[in-house]
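Notebook open, structure loaded. I'm jotting down what I look up as I go.

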Amino acid sequence: MKTAELVANPARPTSLFPEGGKRLLIYVVYDPRGDVEEYIPYALERFRPHCTHILAISNGALTDSGRERLAPVVDQLIERENRGFDIWGYKTGLDAMADRISEFDEVLLVNDTWFGPVRPFGPLFERMERRPLHFWGMTDHMRVEPHPFTQTGYLPYHLQSYWVAVRRDMIESEEWKAYWRDLPEMNSYSDAVVKHEGVFTEHFTDLGFSGEVAFPTLTDKIENHAVLYAEQLLDAGCPTLKRRPFFQWPPYLDALAVIGRWTLDAVQRYGYPVEFVYQDLARNVQPKVVNADAAMLNVLPDTVVGYDSSSPLRTLVIAHIFYTEMTDEILARADHLPGHYDLIVTTSDQERARQVEEVIARRSARGATAVRVVPSNDGRDQSAFLIGCREELLSDDYDLVVKIHSKKTPQDGYNVGNHFRKQQFDNLLRTDGYAANVVALFQREPGLGLAFPPMIHLGYPTMGHAWWANKPAFVARCAELGIRVPVDDTSPLAPYGSMYFARPEALRALVEHEWRYEDFSGEYDDGGLAHVLERMPAYAAGERGFHTRTIVNKDYFASSYTALDFNFDQMSMTLPDNTMTQIELLKRMGFIERGSLRDFISVFSRMYRPALEPRALAWHDRMARVLRGARRTIAVPTRLGRR
Amino acid sequence: MSDPSCADLVHRRHAIYAVTSAGPGLPADAARMISAIREAGITVTVVHGSLTERAELDNLADRLVDAPTDDFSPLWYVAALASIELADDDELVLTGDGVLGPIGPMDVLDVGGGTWDAWSLVENRNGSRESFAMQGFPALAKPWMWTSFRGTLVRSGIVIDYLDAATAGDVASAEFRAMTVMAAHGWRVGYVFPAAEFPSNDPALLNAVLLLDAGCPFVDKAVFRSYPPFLDRMATVGREIVEQITERGYPSKTLWDGLVRTTPPKALNTNAGMLEVLDGHATQHDLSRPMSIAVIARVTWLDGLGELLRRVDHLPGPVDLFVTTTEGMSAAKIERALEAWSQGRGGRCEVRVTPASHGRDMADFFVGCRDVLLSDHYDLVVKLHSRKARRKTVNLARYFRRYQLENLLDSATYARNLLGMFQREPELGLVFPPMMHIGYATMGHGWAGLRDHAVELCEELGITVPLDHVSPLAPYGGMWVARPAALRVLAEHPWRFGDYSRRKEKKFGQLAHLQERLVVPAAAHCGYYSRTVLSAEHAAISHTALEFKADELFSTTRGYPVEQIQLLHRAGFIGHGGPVALLRMYVRINHPKLAKMLRPFYHLAFRSFGVLAASRRYVLSRVGSSGRERV
C-alpha cells in the first residue's frame, strides 16, 4: 500500500518482482545466551518457500545448540561481534553477499524482534510481488515532532527497520551502496533509530525511490502501531508480532490500554504455537513483567473445567511437616489432587516422623508414601526439598511435583499467620475441583513450569519491597547456577511462602546443584540462602524455557483485589496525572523514608542536583550536631537555674 | 459499696439500645437485635437520633427516647437512663447498633450478679482504637457493644458521672475504659471475653471469628467500618467474617442492612470483599424464577449496535429494550435494525429520540426513560450505551467497551450467573465492574472534583449515607444492572435535560458524572447494597496490572501501606515535585501547625502565581513569537 510519505517525486522507474524471481533473506539474530530461541527456526522454515538464499547473522557468538538449531533452516551463518545492533548485522550480511548480490531480485533485511509468521507469509509476498516499487516494509511509523530521542527536529515517517525489502534497481544503485558504505557507528538503541531506522525511508524517497508498506498505520493517532496495535495488525493479516508488547514496562502499556493477553488470544486463534512466545518470554523477560504484560493469572473455580482424567499427570507431593499437629490438614489438602499421587513427608526428627506415620497409617494412601527424617532443620522446607528429595526430583518419574509444608508463621501474629497459611493452601489445594483445575493448567500447557499464589500482601508490607535484603545474594546465586533470566527491579515474581505446583524439569537448575545443609546454616533471615531460594523458582524455570502462572480462588481474589484497589486509590490521591506519571515522579524523588528534613534534602538533591547529595547531607548532619550541642548548652543552665 | 457475699441474683434486666442509623426505616439488624434482647427477658429502651419513621420502633421497644444530640455520644445513654428506675439488684446494659447480632445463642450474656458489679462482653486492652481522621475515619463515639452495670452502681451516680465525663473527654474510648475506671473506684469488674484469651489486645476488632467460635453472640461492626488499609495491615479479612456470620444462620440480608447505610460504600466494598468473579461455566441461576428485565441503551455510535444486541441476547427470556438516540436519522436506522433483531423474541422494543445534551446516557436514562424506571414493571434494569469517543485511542475505546460489556454480559452463562446474584440476594441493588484503572487516570481522583457537589446533592435528596473520601464506589463508565427500587431516590427526582447543561454547572458540576457517582449511595440510602463483578479474564488482566503498579507505587516509602498512605497524605499534594512543593511537603509533615498557619499565604501565593502565569501567557500571545524571544 502506498502512503503519501512513500511517494517519490520525481520518481525513478520501478519494477515488479519477476515471476520465479530470486530473494535473499538476511536475518539478524541476537540472543544473549547464544542459544537461539525456538521461534526463530520456526520463522526461518516458513521463509524457505519465498527465499532462494537465507543468510543468518548472529550478533554475538552462538552456542553449539544455537548453531544446531539454525543449521537446517539457513544456507549460511555468520557469527559476528555484537556491535552496531541489527543494523550493522544487516551491513555484515550485505557485505558478505556483495559478490553474489546481483543474483537476487529482492533482498529482505529482517531481524528477530518478532514472533511469526502468525498469519501466513504467502498472501503477503504474493501481494507485494505484484507492486511496482523499489522497497517495501512490513509496518510504518508516523512522523513525530519533536524527535522523541533527540528532542530537537523531527523523527521522519519511516518503515520500521525490523523488516525492509529492497528490489534489484535500488540495490544496484550507487546511492544504496553509498548508504551502507557510509553507515555511521551505532552504540545505542537510540543511535539505531536516529541514524538508521528513522532516516532510511526519507533518505531513499528523497532520492526518487518508491516505497510501499504492507500494513500501514491503523489509526489516525501517532503511536507505535507494531507494538500497540499488534492484535489489530494480526487481524489485518500481518504475519509478524513484535516481541515488545510483552516486555515493555507494564505501567506504560497499561497507560495506553494495551492488553497483551488479548494479543495472545489472537495468536492462538490464528494457530501460531503460542508456547514459542511463552518460552521466549520466560527466558528473556523479567518474570513479574511477563506476569503483568500477559496477565498470567488464573482465577480458578471450584467446579472442574477442562481437567482430563484420561491423561493424568504422575504427581509427587513433597510435604515438609515440622508442626505435626497440622499433618491431617496437610494430607487432607493433598487429597484434593485428582487421581493417584505419591507422597514424601520430610521432617526434622524421629519423634515427629513417628507422629506423621501414625496419621498416614490412619488415612488411605493414594500412592506410595514415605516419611523421611532430614539430618538438619537448617533451611527447613527448602533444604528438605532440594537435598532430601533430590533423587526423586531429578528422576524422570514425575510430571508434577506439589511442594507444601506445615506453615504457621507464629512470629507475625495470629491474624497475619493465619491469613498467610490460608492464602497458600486455599490458592493451591482448596477443593477437589480447584486442585483438578490447577493440574489441568499443566495438562493444557506443556511449557507451564510453575503455578503458585500471587504475592501475599494482606498483613504484609511486601508491595514495593519484596526483595528485602535478598537481591544481591539472589543475583550472585543466579550467576552461580547459570540462571540468566533478567531479574525484576522492584519485587520478584516468587512463591512467597514456598508452596507451589511445579514440573520437576522446570526446577532442574535449582535441584541439580548439590546443596549441603551447611549452606543453609546461620540465621533463618532475609539475605540467607533459604530466603534467596524462596524467590528463585520462577527464574530457574524461566532459564529452562518454562513459564509461570499465578493462581487464585475467587474468595481470595475478592479480598486481594478490593484491598489493592482501595490502597492504590488512597496512595494516588496526592499525586498528579496517571499512574505511570505518578510512579515515574515518585521514583525520581527516590526513597522518602520518614519525611524528615534530611530525607527531603536527599529528595531535592536527587531531583535537581544529584551531584550535591553527599555534600548537602554532610552539611545537614553537621548543622544538626551543632544544633544539638547548642540545645544541650542552653538546657544545662536552665536546669541548674530551676534547681 | 455492696458486699459481694450479700449479692442477690439480679432481678430485672434493662437494656438501653442506641440507634444511630439515620434515614427512613429502622435497619433490619437493629430490629432483630431489639427483638432478641426482649426475647431474652430484658426490657429495652431505645434511644435514637434521626430516624424519620418511628412506627416500627414504637412496636418493638418497651420505651423510646429521643437522643439529646445529632451524633451519638455517651450522653444518649444518660438521657435514656433518666426514664429507667433501677433497683440495687437490677442490671443495666448499654448496647446499640454498633454490633451485629445475635449470632447464635445469647446465654453467655446471663452472667450472674454474684461475681461482678460491672462487666463488658469483650475487653479492649488498648483502651482505644486508632484514628484515621485525615483519611475520613476518625475514632468516633459509637454505641457500646454490651456493657452491664448493677443497679447499685447506677444508683450511686458513678455511671452517669463517668458517661458525662467521657462525653467531655475522649468519647471514642469511653466504652473501652469504663471497666478500668469502675475498678479504680473499687467495684468488681470483669470481661466475659478477656483479651488475654485471644491473640490480640482488641479481639472485637481483630478476632471476630475467634470470638464467634468462643460463643460471643455479637460482631463489632467496626470490622466492616474501619479504615480499610488498617484492617489490611492487621490481616482482618472481612469476606471471611461475612461467611462465618452467615454460616451461623445470621441472615445476610440483615447483615448488609446493618452496614450499608452507615458505611462509606467503597470502604464497605473493600472491607467485606464485595467483588465477585463470575463463572463462565456453571450457572447459579434459577430459570423457573424469571425476572422481568428492561434494557435501557443509549446508542449514538451505530456501529456498536450489533455488539450491544449480541450482549443483550445473553440475557435469558424476553427483555424489553429501550434504545435512545439523539436524532431521527439514527433512530430510523436503529428501528430497522431492531425490527430484524426482535423477530421471534417476546419483548418490547422501543426507540426514543432524545435531545442532544451534556448528560448523554445519564440524561437519557433518568429523564428520557424515567417512566420505565418508575413503572414497577421491572425487576431489573440493565443500562448500556454505545458511543464514539473521538478523542480516545482505538485501544482505549476498545478496552473501555470490552471492560464494561464483558464484565456485565460476557456470555449467556455469565449473564445468568449475574442475574442469579439478584435472585439470591433480594437487597442487592446494583452490580457493575470495579473502577477501571487501565488506560484511565481514575485512581486517587474518582470524584473528579465533584465531591462538594455530591455532598450538596445528597443533602437535597435526603441521602445520609457517608460518602467515600478519595474515590467513590461507582459504575464508572455508566453501565450497570440494577433493581429499579434501588434507583428510586435518583429516579424520582424531577430531573430535566436542562439540568445537564453548562448553565447548571455551578450547582451540579457535571450532573451526568455526579449521578454516576451517586447511584451507589442513593441505593444504599434505601437499604440496597452494591457488588462489583469481573469475568475471570478481566480479573486476571486487572489484578496483574494493579499488582504490578502497586508494587511500583509503594516502592519509595517505608512500612505497611497504611503507613505509606498516611505519610503521603500528611505531605499533601506533590504537584510535579518542584522545589516549592518539596518545601511545602516538608513543612506539612514535620511542622503541621506551621503549615496550617501558612496555608492562607500559600494559597495567596499559589493564586498570584496562577494569575501571573496567565497574564504572561496572555502577553506572550499578543506579542507573538518575536516577543517570546525577547522574554
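Before the interface entry, a reminder to myself: buried area is the accessible area, taken with a 1.4 Å probe, that two parts lose on being put together, summed over both. I also note that this is a predicted model.

**Entry: the A/B interface**

I looked up the area buried between chain B and chain A and got about 8,600 Å². Carbon and sulfur atoms give 64% of that area. Which three residues supply more than any others of the area that chain B buries against chain A? They turn out to be B:His543, B:Phe548 and B:Leu553, with 9% of chain B's part.

Next I pulled the residue tally for the contact, which takes 93 residues from chain A and 96 residues from chain B.

Then I went through the polar side of things. I find 38 residue pairs in polar contact between chain B and chain A, both partners at pLDDT 80 or more. The salt bridge count between the two chains is nine. I wrote down a pair that crosses over: the side chains of B:Glu552 and A:Lys587 meet in a salt bridge, 2.7 Å from N to O.

Which elements of chain B build its side of the contact? Those that each supply at least two residues include helix H10 (228-233), helix H11 (238-247), helix H13 (265-271) and strand S10 (275-278). Further along chain B, helix H18 (394-409), helix H24 (536-553), helix H25 (561-571) and helix H26 (579-590) do so too. H24(B) gives the largest share of the side of chain B that touches chain A, at 18 residues. By class, I have that side of chain B down as 46 nonpolar, 31 polar and 19 charged residues.

**Entry: H14 and H18 in chain A**

I checked how helix H14 (residues 327-334) of chain A packs on helix H18 (residues 414-428) of chain A. The angle is about 30°, and the axes are 10 Å apart. Angles under 35 degrees count as roughly parallel, so H14(A) is roughly parallel to H18(A).

On the H14(A) side I see A:Glu329, A:Ile330 and A:Arg333, and they meet A:Arg421, A:Phe425 and A:Asp426 in H18(A). By class this contact has four charged, two nonpolar and no polar residues.

That sent me looking for a salt bridge, and the side chains of A:Asp426 and A:Arg333 do meet in one, 2.8 Å from N to O. The pair links distant parts of the chain, with A:Asp426 in H18(A) and A:Arg333 in H14(A), 93 residues apart. For the whole structure, my search returns 95 salt bridges over all chains.

**Entry: H18 and H19 in chain B**

I then tried a helix pair in chain B. H18(B) and helix H19 (residues 412-424) of chain B pack at an angle of about 70°, with axes 7 Å apart. The range 65 to 115 degrees counts as roughly perpendicular, so that is the label for H18(B) against H19(B).

From H18(B), B:Glu406, B:Asn407, B:Leu408 and B:Leu409 meet B:Tyr414, B:Ala415 and B:Leu418 in H19(B). I class this contact as five nonpolar, one polar and one charged residues.

**Entry: backbone oddities**

Why bother with these? Most residues other than glycine have a negative phi, and most peptide bonds are trans.

I found a cis peptide bond joining A:Asn9 and A:Pro10, with omega about -5°. A:Pro10 sits in the segment before strand S1 (23-29) of chain A. In chain B, a cis peptide bond joins B:Gly101 and B:Pro102, with omega about -10°. B:Pro102 is in the loop between strand S5 (99-100) and strand S6 (118-122) of chain B.

Last lookup: phi of A:Arg380 is near 40°, a positive value in a residue other than glycine. I place A:Arg380 in helix H16 (residues 380-386) of chain A.

Note on methods:
Residues numbered from 1 in each chain as written. Chains lettered and ligands numbered in written order. Heavy atoms only, no water. Contact = heavy atoms within 4.5 Å. Salt bridge = Lys/Arg side-chain N within 4 Å of Asp/Glu carboxyl O. Polar contact = N/O pair within 3.5 Å; in protein donor to acceptor, adjacent residues only side chain to side chain. Helix = DSSP H or I, 4+ residues; strand = E, 2+ residues; numbered from the N terminus. Nonpolar A, V, L, I, M, F, W, Y, C, P; charged D, E, K, R; others polar. Axes fitted to C-alpha atoms, helices over the stretch in contact; angles between N-to-C directions. Parallel < 35°, antiparallel > 145°, perpendicular 65-115°, else oblique.
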